Amino acid sequence: MFRYFCGAFLLVAVLSTNSSLVAQDAQADLEALKEQADVAYRQRDFSKTIDLSNQVLAKSANDHVALYLRGSARVELGIMTGKIESLRQGISDSREAIRHEGKGKAEYYLPYIFGMSNLADMEGKPNHAKTAKTVVDSVLEREDLTNEQRANLYYQRAQADMRLKDAAAAEADLDQAIQLQPTHLAAHMSKAELAATTKTASEANAVFSKVVQAFPDNPVVYNNRGMFLQSQGKAAEAVADFNQAIKLDGRFIPAYINRGFAYMEAGDSASAEEALSQALKVDPSQAGAQSLRATARLNQNKVAEALSDYKKVVELAPENPMAHADYGFAQFFSGDFAGSFQSLNQALAQDSSMRFLTPWKLASAIRAGSYKQADYQDSIAKPEGSRDWVDSLVLFQLGQVDAGTLLKSIHPDDQEAQKAQLCEGYYFIGMELLRRDRQKDAIGYWKQATKSKLPKLSAYRGAVFALKNSGVEVR
């Protein structure tokens with residue numbers, strides 16, 4: 001759910017600018033701004049880092065320290081938000097910082113290399129990662145590097161290796177980084193994450209445990225091992241690790257949220273709600289915790305409280321289409337179809353690629369009396385052979401295909417897709433039967449939907465909610 005690497009992907013170094021030697025007040029002000037930007041970066045307040053760096057660059061356009069800090073922040077922000085433009089701006093800033101510094105400071109290459117590796121992911125172009133490796137190789141040829149600088153470069157080369165699907169090279173580079181700097185936390189954690197995807201579960205667990213032994217007082221290592229254990233279905237062990245992370249740092253939000261998520265995945269919504277409430281006491285602005293608590297509350301049929309949470313998430317993240325969608329699902333389950341239609345419509349207005357919302361929007365519109373055929377004309381007009389699952393759900397609700405035809409239109413090959421689509425199909429069939437006052441028949445289909453055991457799927461949660469409100473025990 002929430003991994004954490006101690007905010008040290010780029011390992012930005014403290015940069016000496018000899019501000020004490022500058023007598024002029026204006027220059028001293030610029031030095032102070034750069035120091036503040038550096039602090040903001042270390043606190044992972046990347047927007048503030050960019051703002052402070054911009055103030056410096058407005059008065060000194062070629063200030064390499066400000067360019068370096070802004071570039072590092074833009075790279076991190078681009079990765080966090082998935083915005084390629086921010087990532088590319090960070091890479092450009094880093095290039096300019098290297099050019100204007102002029103002496104080849106090794107740290108200046110880190111945001112550029114890391115940015116290029118991640119750009120390879122975002123754009124699906126491995127050549128970006130190859131470029132990153134080429135740059136690392138050229139810098140490593142220098143003889144004036146410290147062990148720490150070399151370790152950071154090997155770590156960054158490992159990131160490029162991973163993008164190039166070369167696990168052996170990545171592991172070798174991470175080992176080299178750790179040998180040069182045994183306390184290199186990011187390298188240790190990357191090695192564990194690599195093991196989780198390339199080795200057996202027992203081997204990966206052993207690597208995570210070695211990291212815990214090496215950094216027994218660091219909450220990050222317990223949090224990340226907990227996430228691995230959770231992925232293996234070991235909820236109790238995962239919660240124990242999250243608890244230890246919180247014990248070490250009472251304000252370590254990722255562990256709070258992950259603990260709540262682990263409880264929810266284990267089917268203990270009451271404990272999940274309590275855990276997530278604790279997270280929100282530490283930081284009320286955590287939209288992720290608020291959203292998960294809303295789901296935990298909805299699972300317990302605490303409808304009013306759940307809706308209040310979902311509404312708060314929308315207020316915290318109004319530009320996030322998924323926040324509107326989640327609120328819309330909850331409104332739909334609770335019978336507020338007009339509100340659901342508005343929320344789902346808003347989500348689609350913000351991101352038209354979220355076509356999976358269209359059947360839900362239609363279901364809300366039909367029940368709220370706001371159906372307009374033009375909104376669904378694309379699905380209606382498609383020839384039978386070119387329809388996808390979304391089209392089938394739309395046409396089923398419009399009475400243009402029957403239930404049997406709907407269920408036969410699931411994905412022919414992908415088993416995961418089949419499972420999810422069957423769950424959705426059973427749920428929507430049940431809802432249509434309910435709309436025709438055939439509740440007993442609807443319950444049978446909702447029971448079929450819950451057999452999928454897909455708690456992340458809205459249709460599954462809707463089926464559980466519908467069964468509970470029909471007085472049926474969900475197993």
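So, the largest nonpolar core: it has 54 residues, and the ones touching the most other members are Phe333, Leu357, Trp360, Tyr427 and Trp446. Keep in mind that this is a predicted model. Let's stay on phenylalanine 333 for a second. If you ignore anything within four places in sequence, Phe333 still contacts two of the residues I just named, Trp360 and Tyr427, along with Leu298, Ser458, Arg461, Gly462 and Phe465. There's also a second core, separate from that one, with 47 residues, and Val65, Val75, Ala97 and Ala132 are among them.

Okay, zooming out. The chain is helical, with 25 helices and zero strands. The C-alpha trace spans about 80 × 45 × 45 Å along its principal axes. Out of 475 residues, 51% count as buried. The chain exposes about 22300 Å², and carbon and sulfur atoms supply 47% of that. On contacts, if you take those with a separation of 6 or more, 53% are between residues 24 or more positions apart.

Now a helix I like, H16. H16 runs over residues 303-316, so that's 14 residues, and from first C-alpha to last it reaches 20 Å, close to the 20 Å expected at 1.5 Å a residue. Which residues of H16 are buried? Those would be Ala306, Asp309, Tyr310, Val313 and Val314. They sit on the same side of H16, because they cover an arc of only 145° around the axis. And what do they pack against? Helix H15, residues 287-299, and helix H17, residues 321-334. Turn to the face away from that buried side and you'll find the exposed residues Ala304 and Glu315.

Next, glycine 90, over in helix H4, residues 84-101. Is Gly90 buried or exposed? Buried, with a relative accessible area of 0%. Leaving out neighbours within four places in sequence, its contacts are Gly71, Arg74 and Val75. Val75, you'll remember, is one of the members of that second core. For a sense of distance, glycine 90 and threonine 295 are 36 Å apart, C-alpha to C-alpha, with their positions 205 residues apart in sequence.

Last stop, lysine 105. Where is it? Lysine 105 is in the loop between H4 and helix H5, and H5 covers 109-123. Lys105 has 31% relative accessibility, so it counts as partly exposed. Lysine 105 and glutamine 149 are 44 residues apart in sequence, and their C-alphas are 9.8 Å apart in space.

That's what I had, happy to take questions.

Definitions and conventions: Residues numbered from 1 in each chain as written. Predicted model: local features only at pLDDT ≥ 70, side-chain atom pairs only at ≥ 80, totals over all residues. Heavy atoms only, no water. Core = buried A, V, L, I, M, F, W, Y, C linked by side-chain atoms within 4.5 Å. Buried < 20%, exposed > 50% of the residue type's maximum accessible area, 1.4 Å probe, protein only. Contact = heavy atoms within 4.5 Å. Helix = DSSP H or I, 4+ residues; strand = E, 2+ residues; numbered from the N terminus. Expected span 1.5 Å × (residues − 1). Arc of directions from axis to C-beta. Areas by Shrake-Rupley, 256 points an atom, 1.4 Å probe, with all protein chains shown as cover.
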